[in-house]
Amino acid sequence: MRFNLKSTFFTSAAVILSVGVAVSLTGCGAAGTAEAVDAGYPAKTVKFLMPYAAGGPSDVTSRAMAQCLSQGLGGTFVVENQSSGAGAVAMQQLASAKPDGYTVGLSTNGPMVLNPMFNELPYSMDDFTAIGTMAKIPTMFAVGKDSPFKDAESLFQAAQENPGTISMGVPGATSSLAIELKKLQQDFDIEFAVVPTSGSAELITNLLGGHIDAVFINDHKDVAAHVKDGGFVPLAAASQERSKTYADLPTMEELGYEGFFTDSVYGLFGPKGLPDAIVATLESGIEACTQDQEVIDQIGERFVPDTFSNAEETAAVFADMQTRYEPLVG
Amino acid sequence: MDTLDSLTLGFSVAFEPTNLLFVLIGVVIGTAIGVLPGLGPTATIALLLPITYTMDATTSIIMLAGIYYGSMYGGTITSVLLRLPGEAASVVTAIDGYQMTKQGRAGTALGIAAIGSFIGGTVSIIGLTFLAPMLANVALAMGPAAYVALMVLGLFLVTSIGTGSTIKSLCMAGLGLALSTVGQDPIDGSSRFTFGSVGLLSGFDFVAVAMGLFGVGELLHSLEKSEHGQAIKVKIKNIWPSRKDMKESSGAIARGSVLGFFIGVLPGGGGVISSLASYAMEKKRAKDPSRFGKGAIEGVAGPETANNASSTSAFIPLLVLGIPSNVVLALIFGALLMHGMTPGPQLIAEQPNLFWGIIASMYIGNLMLLVLNIPLVGVFVQMLRVRTGILIAFALLIVMIGVFSINNSPFDMWVVLGFGVLGWLMNKTGFDPGPLVLAFVLGPILEKSFRQSMLISGGSLEIFVTDPAAALIFGAIALGILYKVLGTRLKRRKKTAPVIPAESVDIDS
């Protein structure tokens, strides 16, 4: 490791300063009022709302993007985590923000589409303007290394023949993975004992410990580490295309489960009525960032889509989720 | 041995000037945010994450780890001086620590907490150094069924957390369990008792509840008293605990170290549960449990040792398996991801400098904290000389900022105030917040694990016997009950006169 006196002191000073500043800033999180600035956007701090707690893959995405957008567009994009109410608090704040481009936010299927279906919330998908897709986390089915199931067919067949005896862990009750699995069970007459958990960490613990038979999980870096180590045996990819990392792994559609796919799509959204000019600025900003090597390295190469999904395409993806899942919930 | 070679490598990393500097920065920040009530390591680390991206990976994790275990030291101070938990894991310290302050023994309480924290932290690092891979498997062996067993064991401790009557303790535990059901159902996602409030969807925040019941409740209580009535005589002389104090606490510190170490390894365990468990255990073991709640030094030494031990061992599942066992570790996980490293089974082999560097830095950090904290005790005790009105107003302000910082949620500020009023009323009516808080922590884990177990087993209770870890814990519970029942019978037979049954009811219920 290099020891650079100057930069060390600079960083340590920055750390100390920022604790002080951040501590004092937490008290005044509310965004100031804004005159509609079309020309010089962004002319001041942009609040980047995050409906999840800090630390996870969505947080890494937000922070990498916020930093890149700050450099690319000027202005400062500040990530604000608000995981209260399963993300509903952040979404509600975004929905009711002034559509001036100074409040944007990451969202995924959960807080945007599913949470309003499960709960009575004061917002729905129509209260937002889609801007673009920042990252996409694929999903997969996996079993432990000592599992009797060597391929996806035998797992699903077993679940069909002995309904409710094979346990399948999913990240959360209202995650898109849980709903997609529900759809699979309905469409193909399969019945797992579905076990909702509080997220990937708990799923990994339970599969490695042999407490559940299989998992349906976001195929992120944490899972990849266990696949590499041999603790996890992936059986099927649940995206529309095959995974770049596991080229031999069949997709669910290839296995004959027509229409079965789900990804965790990290979209950027603003409130309804965001002016087209601002949408266009942010859209091209994200597009540039998805090609920025530093951002790609931080988020992970395979999670940043090669082809950028713009505002219109992102909106379509979320609208599709709405129509897919509406009949399954409630 | 390999481990010693690796540790030497670790120390060579940790002793690099940059890393030494950042251990120091980490533990200083940790102590500071630990002192400020409500402001915990989670919010601080979240705020600092962006800065760590520009730093070397090892250096940044060394600093973040320092903040985490440093905050466990700092959290004690306001708990003891103001009955205001500086940090969630110090909630239980407020019970006896504050009583000690009232008796003029604030310095002793803080001194023993610092010593205990140091010992607990160090024992845990030694455990982390030599037992990490083995213990990671213990974490894996604990499935939903085993968590049910563990939570049931925890609920047996509820009555020993309380200082008042058993009935009142049980009422409060029931209330705690009831309150923990507010929010989204963990299994089917529907909302419960939220009455249309979006803020309640994720339930009441633990820190806001604990801070309200203990801290704000006590602040309101002291406002009632006149300035003269509550002048606390503080003898700053006896900072260093006397030989008698050390003797009384040594057992608690030893048990707290081991208990905290093991609880920290369990995903979902962490500081709060380890300190609650240690407190309950000390009270159960004590020859005269009635001293607890009246300034028993073991009630400070045990929990403070345990929360430090657990904050260190919590790194085991993260660094060995890539499983973050609590929110703070999840943040550190995120920091590693941003540096292009994935914590997982290969981390030790692929990044020995990182792994051993972090471990070695913890030895150094703990030593720094001890050196830092002992002289600071005298400074902090002076805080009690501030006029009550000013002190309370300032404390309340910090609490509000701290609680807001947890989720950036104004709603939580109402929660802390609401529970503050409840805490004040409970204080007036002789109800204890301890059992409520314990039940509130255990309730959600018990519910989720039990329902998960039932889903896995298809509704059969057999899973609690067939799951080895669950069977072990339930067996231990059964033995404990049997021992108590037989023990009381024997006692009764020895003494022909009827023994006061209150004590046995307290333990068996």
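This tour walks through a predicted model of two chains, stop by stop.

**Stop 1: chain B as a whole**

Select chain B and show it as a cartoon. Chain B has 23 helices and two strands. The C-alpha trace of chain B spans about 65 × 60 × 55 Å along its principal axes. How does the radius of gyration of chain B agree with that of a compact globule? A compact globule with 509 residues would have a radius of gyration near 23 Å, and chain B has 22 Å, which agrees.

Now colour chain B by burial. Of its 509 residues, 59% are buried. Then look at the contacts in chain B between residues at least 6 apart in sequence. Among these, 80% join residues at least 24 apart.

**Stop 2: one residue in chain B**

Pick Glu350(B). Glu350(B) sits in helix 16 of chain B, residues 347-350. Is Glu350(B) buried or exposed? Glu350(B) has 13 other C-beta atoms within 10 Å, so it counts as partly exposed. Add Met63(B) to the selection. Glu350(B) and Met63(B) are 287 residues apart along the chain, and their C-alpha atoms are separated by 21 Å.

**Stop 3: where the chains touch**

Show both chains and select the contact between them. Chain B gives 63 residues to the contact, and chain A gives 65 residues. Which helices of chain B supply at least two residues each to the side that touches chain A? They are helix 2 (17-35), helix 3 (41-52), helix 6 (106-141), helix 15 (327-338), helix 18 (388-407) and helix 20 (433-457). Colour this side of chain B by class: it has 35 nonpolar, 24 polar and four charged residues.

**Stop 4: a five-stranded sheet in chain A**

Move to chain A. Select strands 1, 2, 3, 4 and 10 of chain A. They form an open sheet of five strands in the order 2-1-3-10-4, with mixed pairing. Strand 2 (77-81) and strand 4 (128-137) of chain A stand at the edges; each has a single partner strand, so one side of each is left without a neighbour in the sheet. Neighbouring strands of this sheet are turned by 25° against each other on average, direction ignored.

Zoom in on strand 4 and strand 10 (residues 264-271) of chain A. The two pair in the antiparallel sense over eight bridges. Here Gly132(A) stands opposite Leu268(A) in strand 10 of chain A.

Next, add the helices that go with this sheet. Helix 9 (residues 276-290) of chain A packs on the sheet and touches strand 3, strand 4 and strand 10 of chain A. The direction of helix 9 makes about 5° with that of strand 4 of chain A. Helix 2 (residues 57-73) of chain A lies across strand 1 (46-50), strand 2, strand 3 (103-107), strand 4 and strand 10 of chain A. Helix 2 of chain A runs at about 160° to strand 2 of chain A.

**Stop 5: another sheet in chain A**

Select strands 5 to 9 of chain A. This open sheet of five strands has the order 7-6-8-5-9, with mixed pairing. Which strands stand at the edges? Strand 7 (193-196) and strand 9 of chain A do; each has a single partner strand, so one side of each is left without a neighbour in the sheet. The twist averages 30° from one strand to the next.

Start with strand 6 (residues 167-170) of chain A. Four bridges join strand 6 to strand 7 of chain A, and the two run parallel. Gly169(A) stands opposite Val195(A) in strand 7 of chain A.

Go on to strand 5 (139-144) of chain A. Six of the six residues of strand 5 are buried, so strand 5 is largely enclosed by the rest of the structure. Show the side chains. Thr139(A), Phe141(A) and Val143(A) point one way, while Met140(A), Ala142(A) and Gly144(A) point the other way.

Check the partners of strand 5 of chain A. Strand 5 pairs with strand 8 of chain A in the antiparallel sense over five bridges. There, the bridge partner of Val143(A) is Ala214(A) in strand 8 of chain A. Five bridges also join strand 5 to strand 9 of chain A, and these two run antiparallel. Met140(A) has Ala237(A) in strand 9 of chain A as its bridge partner.

**Stop 6: helix 5 of chain A**

Finish with helix 5 (residues 152-161) of chain A. Which residues of helix 5 of chain A are buried? Ala152(A), Leu155(A), Phe156(A) and Ala159(A) are. Look down the axis of helix 5 of chain A: its buried residues fall within an arc of 90°, so they line one face of the helix. What covers them includes strand 5, strand 8 (214-218) and strand 9 (232-237) of chain A.

Note on methods: Residues are numbered from 1 along each chain as its sequence is written. Chains are lettered from A and ligands numbered from 1 in the order in which they are written. This is a predicted model: local features need pLDDT of at least 70, side-chain atom pairs count only at pLDDT 80 or more; totals for chains, interfaces and linings use all residues. The radius of gyration is taken over C-alpha atoms; the globule rule is 2.2 Å times the number of residues to the power 0.38. A residue is buried if 20 or more other C-beta atoms lie within 10 Å of its own, exposed if 12 or fewer, and partly exposed in between; C-beta atoms are placed from the backbone. Two residues are in contact if their C-beta atoms, placed from the backbone, lie within 7 Å. Ala, Val, Leu, Ile, Met, Phe, Trp, Tyr, Cys and Pro count as nonpolar, Asp, Glu, Lys and Arg as charged, and the others, Gly among them, as polar. Two strands pair if DSSP finds at least two bridges between them. Axes are lines fitted to C-alpha atoms, for helices over the stretch in contact, and angles run from 0 to 180 degrees between N-to-C directions. The arc is that of the directions from the helix axis to the C-beta atoms.
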